[in-house]
Amino acid sequence: MEKTNVMRLLDAKSISYEAREYDPEITSGPLVAAALGEDPDCVFKTLVTEGPKKEHFVFVIPVNAELDLKKAAKAAHVKSIVMIHQKELLPLTGYVHGGCSPFGMKKAFPTFLDETAELFDSIFVSGGRRGYQVGVSPAEILSYCDGSYADLTVGTF
């Protein structure tokens, strides 16, 4: 398996991870989870948002869930949050849609991990490219990103 920049960053910080590959043509989160043979509750997507003062926030939530923008704004201590446009993702983070990882963005943004991640010893997040995922301890993600847990999704788990 080819190492991605995310894997090199995790290696440099001595963070333990499990790298997995899947068909990069698969774009649906639940289908990615199926391709990995994992429960969709432990496969997470990374979403980038913008607050009212043009500040950016990162939210990492299960692939089978939807980000609750009100809960996200509350977690970030801002009045409102909107998703950034897909065309803004690459210049802002260095990642393409479907390959956005909480690790190694061009700039550090406040990062929030859905509280359901605490239920797992390891969760999967993008390995920094379509077709690559890394299984990492939620605590390691929060430590690396200086992030925090929050209730972020619509409905209950």
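**Helix faces, pockets and a few odd backbone angles**

In helix H1, the buried residues are Val-6, Met-7 and Leu-10. Because they span an arc of only 100° around the axis, they sit on the same side of H1. This is a predicted model, so the cut-offs matter: local features need a pLDDT of at least 70. The helical repeat fits the picture, since an α-helix has 3.6 residues a turn and residues three or four places apart therefore point the same way. As for partners, the buried residues of H1 pack against S1, S6 and S7.

Leu-10 deserves a closer look. This residue of helix H1, which runs over residues 5-12, has a relative accessible area of 0% and so counts as buried. Residues up to four places away in sequence aside, Leu-10 touches Ile-15, Tyr-17, Phe-103, Val-134 and Val-136. Phe-109 comes 99 residues away from Leu-10 along the chain, and the C-alpha atoms of the two are 18 Å apart.

Helix H2 tells a similar story. Gly-29, Val-32, Ala-33 and Leu-36 are its buried residues. They lie on the same side of H2, because the arc they cover around the axis is only 100°. Leu-31 and Ala-34, on the other side of H2, are exposed. The buried residues of H2 pack against strand S1 (18-21), strand S6 (123-126) and strand S7 (132-136); S1, S6 and S7 are also what the buried residues of H1 pack against.

Next come the backbone angles. Just after H2, Gly-37 adopts a positive phi of about 75°. Just after H1, Ser-14 takes a positive phi of about 55°. Most residues other than glycine have a negative phi, which puts the serine in a less common class: the phi of Ser-14 is positive in a residue other than glycine. Ser-14 belongs to the loop between H1 and S1, and its relative accessibility of 68% is why it counts as exposed. Lys-54 is another such case, a residue other than glycine with a positive phi, here near 65°. The loop between S2 and S3 holds Lys-54, and with a relative accessible area of 59% this lysine is exposed.

A little further along the chain is His-56, in strand S3 (residues 56-62). Is His-56 buried or exposed? At 14% relative accessibility, His-56 is buried, because the limit for that label is under 20%. The side chain of His-56 makes a polar contact with the side chain of Glu-50, at 3.2 Å. Neighbours within four places in sequence left aside, His-56 is in contact with Thr-49, Glu-50, Ile-84, Leu-92, Phe-109 and Pro-110.

Thr-93 lies in helix H4 and is buried too, with a relative accessible area of 1%. A polar atom of its side chain lies 2.7 Å from the backbone oxygen of Leu-89. Beyond four places in sequence, Thr-93 is in contact with Val-48, Cys-100, Gly-104, Met-105 and Lys-106.

Turning to the pockets, the largest one holds about 550 Å³ of space. Its lining has 27 residues, and the closest to its centre are Lys-45, Thr-46, Leu-47, His-97 and Gly-98. Helix H2 (29-36), strand S2 (44-50) and helix H4 (86-93) each supply at least two residues of this lining. The largest share, 5 residues, comes from S2. By class, the lining of the largest pocket divides into 14 nonpolar, 11 polar and 2 charged residues.

The second largest pocket has about 150 Å³ of space. Which residues line the second largest pocket? The lining consists of Val-58, Pro-102, Phe-103, Gly-104, Met-105, Lys-107, Ala-108, Phe-109, Thr-111, Tyr-144, Cys-145 and Asp-146. By class, 8 of these are nonpolar, 2 polar and 2 charged. Several names in this lining turn up in the contacts above: Phe-103 touches Leu-10, Phe-109 is in contact with His-56, and both Gly-104 and Met-105 are in contact with Thr-93.

Methods: Residues are numbered from 1 along each chain as its sequence is written. This is a predicted model: local features need pLDDT of at least 70, side-chain atom pairs count only at pLDDT 80 or more; totals for chains, interfaces and linings use all residues. Side-chain values use heavy atoms; hydrogens and water are left out. Helices (H or I, at least four residues) and strands (E, at least two) are DSSP runs, numbered from the N terminus. Buried means under 20% relative accessible area, exposed over 50%, partly exposed in between (1.4 Å probe, protein chains only). A polar contact is a pair of N or O atoms within 3.5 Å; within protein, one must be able to donate a hydrogen and the other to accept it, and residues adjacent in sequence count only if both atoms are side-chain atoms. Contact means heavy atoms within 4.5 Å. On a 1 Å grid over the protein atoms alone, a cavity is a set of points where a 1.4 Å probe fits but cannot get out, and a pocket is an open set with protein on both sides within 12 Å along at least five of seven lines; lining residues have an atom within 4 Å of a point. Grid points are joined across faces, edges and corners, and a volume is the space filled by probe spheres set on the points. Ala, Val, Leu, Ile, Met, Phe, Trp, Tyr, Cys and Pro count as nonpolar, Asp, Glu, Lys and Arg as charged, and the others, Gly among them, as polar. The arc is that of the directions from the helix axis to the C-beta atoms.
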